[in-house]
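Me: I would like a close look at a single part of this chain, followed by an account of how other parts of the fold are put together. Please take it step by step, in connected prose.

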Amino acid sequence: MKYTFPKDFAWGTATSAHQIEGNNINSDWWEWEDSKKYFPQREFPLESSGIACDSYNRYEEDFDLCVDLNNNAVRISVEWARIEPTQGNFDEKEIAHYKKVLKSARSRGLKTFVTLHHFTNPIWFSNLGGWTNINAPIYFAKYAKKCAKEFNDLIDVYLTINEPQVYVYMSYFHGIWPPNKVSAVLSLWVQINLARANNKAYNAIKGNHFKKDDAPTVGIVKNIVWYEASNSSKNPLDKLVASFLYFIGGDFFFLMIRNKFDIIGLNYYFTNRINNLKTKNPDDVVNDLGWWIYPKGLYNVLLSLKKYNVEIYITENGLADEKDEKRIPFIRDMLESCAKAIDKGVNLKGYFHWSLLDNYEWHHGFWPCFGLVKVDRETLKRSKRPSFKYYSEICKTSELKL
Ligand code: FCB
């Protein structure tokens with residue numbers, strides 16, 4: 001059996017600046033990684049990002065890999081800490097750098113999906129209280145406006161913020177990421193502030209083009225975990241808890257940004273099953289980080305997003321799998337879920353695999369390998385994993401063989 005995806009479907013991979021560029025020295029993440037030397041007893045990060053994949057310099061080579069993948073689109077991010085290293089001062093050299101990067105993608109026939117905020121902040125911004133500052137959305141919108149003015153139509157789709165609720169969970173609830181806060185009140189406030197930031201940035205990017213045909217397309221990237229009661233659940237409340245958690249992780253945020261997104265970027269990694277009011281996932285198929293692989297969850301999330309009546313792109317989906325043993329069936333099964341969702345009328349327009357390269361997986365350091373391409377940590381040499389070929393065939397033909 002085979003399924004053919006729509007003609008204009010976007011096929012790509014996704015990365016983010018801090019995770020691949022290297023030497024992101026004006027960011028709060030760099031400062032936090034560096035500060036570990038003063039607190040050796042602190043568990044995270046397991047290592048610093050350092051040179052990462054050196055993609056700041058090797059982006060042409062990376063885009064060549066996208067071409068080898070038969071991709072027609074790519075998702076990257078630009079780094080706020082580079083573009084605005086001190087408050088109100090934009091760095092023309094860095095802006096010129098990113099223009100070169102974007103042109104280089106375009107010249108290879110890649111549509112550009114660009115995230116403006118992917119977890120990292122400039123140090124000056126974090127010194128002002130980061131996302132707890134009531135004016136944070138204003139600062140962010142100024143940066144977004146500058147990006148829109150400078151990059152203009154070199155960017156096909158602007159993505160304001162990556163996974164706002166994951167950021168809040170890790171930085172303000174769980175406290176593992178900088179600024180390492182554990183506070184329910186701040187968690188709620190920062191979510192509200194990030195929603196405000198999205199809304200202001202949306203208006204800023206649209207600018208004078210607002211509601212005109214040539215207005216840029218602006219979206220947000222949401223990680224959405226599917227929740228359901230476990231098969232063996234005996235507690236009638238499990239279903240309720242699952243629906244509640246699903247609402248908090250999705251619709252709750254969309255309510256705060258209504259009308260301020262033209263498209264939805266969906267990041268799907270896993271599903272959580274609730275058993276007797278606790279998360280308890282099967283461990284039949286997990287990735288190297290222990291995340292349960294459940295493609296049906298992606299299908300369920302896609303169907304639930306239909307009600308928003310906007311185009312949907314899967315902006316991230318992938319797995320840590322150093323040995324590349326599970327990546328091929330993973331891609332096949334996830335794309336099957338996509339195909340089924342499209343058949344049910346979901347307006348899914350593209351799929352970006354996370355990730356092109358093995359990269360800096362935040363507090364874990366470099367050990368989780370998400371790349372279709374392996375990166376040697378000594379030489380930074382890129383080599384294609386077997387799944388690279390598999391994905392490249394799908395992208396070439398837009399056909400999924402089942
Ligand atoms: C997502 C992040 C991305 C990467 C993947 C594995 O939550 O957006 O940067 O770390 O998880």
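In which helix is the place of tyrosine 56?

Reply: The model is a predicted one, and in it tyrosine 56 has its place in helix 3, which covers residues 55-68. Leaving aside residues up to four places away in sequence, tyrosine 56 touches Glu21, Arg82, Glu94 and His97. Alanine 197, by contrast, lies 141 residues from tyrosine 56 in sequence, and the two C-alpha atoms are 27 Å apart in space.

For the setting of this residue, it helps to turn to the chain as a whole. Its secondary structure comes to 14 helices and 15 strands, and its C-alpha trace spans about 55 × 50 × 45 Å along the principal axes. The radius of gyration is 20 Å, which agrees with the value near 21 Å that a compact globule of 402 residues would have. Of these 402 residues, 57% count as buried, and of the contacts in the chain with a separation of 6 or more, 77% are accounted for by residues 24 or more positions apart.

Helix 8, made up of residues 164-173, is an element that is mostly covered, with 7 of its 10 residues buried. Those buried residues are Pro164, Gln165, Tyr167, Val168, Met170, Ser171 and Tyr172, and what covers them includes strand 5 (157-162) and strand 6 (217-223), together with helix 9 (184-206), helix 10 (237-249) and helix 11 (251-256). After helix 8 comes glycine 175, whose phi is positive, near 75 degrees.

A pair of helices further along the chain can be described in its own terms. The axes of helix 12 (residues 295-305) and helix 13 (residues 327-343) come within 8 Å and cross at roughly 30 degrees; since angles under 35 degrees count as roughly parallel, helix 12 and helix 13 are therefore roughly parallel to each other. The crossing of helix 12 and helix 13 is right-handed. On the side of helix 12 the contact is made by Pro295, Lys296, Leu298, Tyr299, Leu302 and Leu303, and on the side of helix 13 by Asp333, Met334, Ser337, Cys338, Lys340 and Ala341. Sorted by character, the residues of this contact between helix 12 and helix 13 divide into 8 nonpolar, 1 polar and 3 charged.

How values were computed: Residues numbered from 1 in each chain as written. Predicted model: local features only at pLDDT ≥ 70, side-chain atom pairs only at ≥ 80, totals over all residues. Heavy atoms only, no water. Axes fitted to C-alpha atoms, helices over the stretch in contact; angles between N-to-C directions. Helix = DSSP H or I, 4+ residues; strand = E, 2+ residues; numbered from the N terminus. Parallel < 35°, antiparallel > 145°, perpendicular 65-115°, else oblique. Left-handed = near helix turned anticlockwise from the far one by under 90°. Contact = heavy atoms within 4.5 Å. Nonpolar A, V, L, I, M, F, W, Y, C, P; charged D, E, K, R; others polar. Rg over C-alpha atoms; globule rule 2.2 N^0.38 Å. Buried < 20%, exposed > 50% of the residue type's maximum accessible area, 1.4 Å probe, protein only.
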